[in-house]
Amino acid sequence: MTGNAAFVGPFQQIMDDLRPFWGVDPKVIRSLAARMNSRSNTEVAGVHIRDGAVSSVNHLREWPRAGGFVEMIQSFVKDLPDMDIVLNRLTKPRVTVPWDDLQKLLRTEEGSRVGTEHTKNEFSKHQSGLLGQESPKDTVVDPEWQDRSGERYMSLVKEACPPKSLVRNEYLAKVVSLRRSNNTIIQNHNRSLDLCSIGPFVSDIHTMLYAPLDLRNTRRLVPIFSEGKTNVNNDILYPSTLYWDTSKAGNYEYDDKYDYAWEDKHDTLFWRGTITDPPLAEKNWKDMQRDRLVRNLDGRLMANTNVTVIGTDPLHPNVYGEDGLLDFQPAKYALEHSDAKYVKGGVCGEFCDGFAGVTDFQNVTSIAEQFHNRYVLDVDGDGISARFRALLQSRSLPIKSTVFKEWHSSRLFAWVHFVPLGIEYRELYSLLTYFVGYGNAEGNEGGEDWVNKDVYVQRHEFEGRLIAKRGSEWAAKVLRREDMEVSFFYFAYPFYFLFILSPRFLRRR
């Protein structure tokens with residue numbers, strides 16, 4: 001391992017996303033990028049750049065967010081070469097190349113790395129194969145979209161995982177499941193997002209993994225830009241226009257004047273969100289990520305329910321007790337230190353009361369109102385949650401639960417800028433008690449919460465405040481609108497060279 005092997009740079013995600021395309025013939029890339037959007041039922045939009053300007057946008061009326069993308073690149077489009085860009089109109093990622101096929105593409109890329117002595121410091125003019133420039137002899141490449149809506153996602157994409165991974169070894173997955181802890185704090189955030197390892201255990205508790213609605217997938221490597229993807233997808237990530245233009249996105253804009261100092265915030269774990277697309281089998285609705293969150297933090301529903309927390313040794317507050325995990329009845333604690341509820345909107349619009357057996361819907365809560373609280377949760381919907389940037393910018397501590405990676409994933413570090421939460425929520429109350437604290441080191445016999453008299457967890461408010469401060473300061477440096485522009489600008493140049501020149505061509509020269 002070299003000295004820089006463990007370093008993850010701000011543009012590492014870009015290079016990782018584009019690497020496999022160096023194994024694809026440039027003519028194929030040009031054909032796919034130019035014509036994937038030609039059919040209305042493929043749920044993609046095309047942005048066509050000619051002579052330093054956006055010449056046309058396909059399906060803008062059906063998907064206005066393409067206009068936000070055009071605005072995002074407007075300040076530097078004059079410096080871009082002619083190219084066709086395909087944007088995913090769906091909330092879910094689209095490309096899943098089988099493992100063996102992907103390794104062949106990566107080997108081609110690696111074996112074709114050469115110097116740049118034959119390249120020119122200029123763009124090719126009137127490149128053939130772009131939209132409107134195709135000669136009759138060129139073959140239009142089929143992206144091979146398949147409608148896989150409602151299918152179990154892990155069954156659909158497991159071939160994208162290594163042959164020896166848990167998701168492809170049913171017996172090994174069962175053995176590992178017997179050894180899993182009831183309460184595990186995430187130490188390696190990237191590993192916690194690896195569906196090849198955790199897929200067998202979470203495939204029934206996340207809407208996209210259980211029964212995704214409106215999923216158009218392909219096993220072919222096609223150049224499509226998406227706002228989020230899992231580790232088994234090969235989409236190219238770009239900054240969501242929901243981050244770029246928060247005024248049009250809705251309730252996602254951070255304004256410092258509506259935030260509060262940490263000491264003025266409530267000691268509460270807070271979440272508000274809509275019901276997203278329900279799975280096709282509604283009997284499993286209560287197993288999905290958002291509904292589980294609301295129920296697990298509802299003190300009334302958690303009455304007479306046991307969870308586990310990581311207890312602290314009362315005699316040595318910084319040392320956890322020999323027993324480690326302790327039984328904990330969270331009902332009273334949840335009422336005092338959590339507030340997680342649905343708001344009207346999403347799939348049920350303004351008529352949400354009683355939807356899917358869930359009651360107590362709230363009116364829409366502004367992002368600013370959430371900053372009354374020290375701990376703010378961010379949980380996947382049908383796709384990425386676009387409020388994450390605003391939560392990071394705030395003085396509150398964001399706690400993030402997701403299966404998706406985004407354009408900024410390589411720029412942010414768990415436990416430095418935010419706190420990770422597994423989508424199973426096994427450690428939910430361990431995190432809450434860690435930061436807020438619980439009990440008295442000298443014993444809780446005299447307290448009201450007598451059912452948890454043997455539980456003591458030292459309070460770590462300082463650590464929570466420190467992570468929140470680091471996240472806010474870092475977001476102000478690397479998640480600005482300028483950073484989104486730079487990110488896509490950095491994408492554009494290697495993407496352009498994929499259009500015109502493969503490494504194999506350089507090597508032949």
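**Figure 1. The exposed and buried sides of helix α17.** On one side of helix α17, Phe462 and Lys477 are exposed. Across from them, the buried residues of α17 are Gly464, Ile467, Ala468, Gly471, Ser472, Ala475 and Val478. Looking down the axis of α17, you will find these buried residues within an arc of 150°, so they line one face of the helix. The length of α17 also works out: its 18 residues, at 1.5 Å a residue, should span 26 Å, and the C-alpha atoms at its ends are 26 Å apart, which agrees. Please keep in mind, here and in every view that follows, that this is a predicted model.

**Figure 2. The parallel sheet of five strands.** This view shows an open sheet of 5 strands, paired in parallel and ordered β11-β8-β12-β13-β14. At its edges stand β11 (338-342) and β14 (419-420); each has a single partner strand, so one side of each is left without a neighbour in the sheet. Helix α17 (residues 461-478), which we met in the previous view, packs on this sheet and touches β12, β13 and β14. The direction of α17 makes about 80° with that of β13. Within the sheet, strand β12 (residues 373-379) runs parallel to strand β13 (residues 397-401), and 5 bridges join the two. To find your place in this pair, look for tyrosine 375, which stands opposite leucine 397 in β13.

**Figure 3. Helix α12 and its packing partners.** Helix α12 covers residues 289-296, and 6 of its 8 residues are buried, so the rest of the structure largely encloses it. Those buried residues are Gln289, Arg290, Asp291, Arg292, Leu293 and Val294. What do they pack against? Their partners are α9 (207-210), β8 (266-273), β11 and β12. Three of these names will be familiar from the sheet view, where β11, β8 and β12 follow one another in the strand order.

**Figure 4. Strand β1, covered on both faces.** Strand β1 takes in residues 44-50, and 7 of its 7 residues are buried, so it is largely enclosed by the rest of the structure. Val44, Gly46, His48 and Arg50 lie on one side of β1, with Ala45, Val47 and Ile49 on the other. Strand β2 (residues 53-57) pairs with β1 in the antiparallel sense over 4 bridges. At the hairpin end of this pair, arginine 50 stands opposite alanine 53 in β2. The hairpin has 2 residues between its strands, and here aspartate 51 takes a positive phi near 55°.

**Figure 5. Strand β3, the other partner of β1.** Is strand β3 (residues 83-88) buried or exposed? Here 6 of the 6 residues are buried, so β3 is largely enclosed by the rest of the structure. Met83, Ile85 and Leu87 point one way from the strand, while Asp84, Val86 and Asn88 point the other way. β3 pairs with β1 in the antiparallel sense over 6 bridges. Two positions help you to follow the pairing: glycine 46 has valine 86 as its bridge partner in β3, and valine 44 stands opposite asparagine 88. As a reminder, strands of a sheet pair through backbone hydrogen bonds, either parallel or antiparallel.

**Figure 6. Leucine 172 in helix α6.** Leucine 172 sits in helix α6, which runs over residues 170-179. With a relative accessibility of 32%, leucine 172 counts as partly exposed. Leaving aside residues up to four places away in sequence, leucine 172 touches Lys164 and Leu166.

**Figure 7. The whole chain and its low-confidence stretches.** Stepping back, the protein chain has 19 helices and 14 strands. Of its 509 residues, 53% count as buried. Among contacts with a separation of 6 or more, 74% come from residues 24 or more positions apart. The average pLDDT of the chain is 84, and 84% of the residues score at least 70. Over residues 1-8, however, the pLDDT is below 50, and this stretch has 1 contact in the model beyond near neighbours in sequence. Residues 502-509 also stay under 50 in pLDDT, and for these the model has 18 contacts beyond four places in sequence.

Key
Residues are numbered from 1 along each chain as its sequence is written. This is a predicted model: local features need pLDDT of at least 70, side-chain atom pairs count only at pLDDT 80 or more; totals for chains, interfaces and linings use all residues. Side-chain values use heavy atoms; hydrogens and water are left out. Buried means under 20% relative accessible area, exposed over 50%, partly exposed in between (1.4 Å probe, protein chains only). Two strands pair if DSSP finds at least two bridges between them. Contact means heavy atoms within 4.5 Å. Axes are lines fitted to C-alpha atoms, for helices over the stretch in contact, and angles run from 0 to 180 degrees between N-to-C directions. The expected span of a helix is 1.5 Å times one less than its number of residues. The arc is that of the directions from the helix axis to the C-beta atoms. pLDDT is the predictor's confidence in each residue, from 0 to 100.
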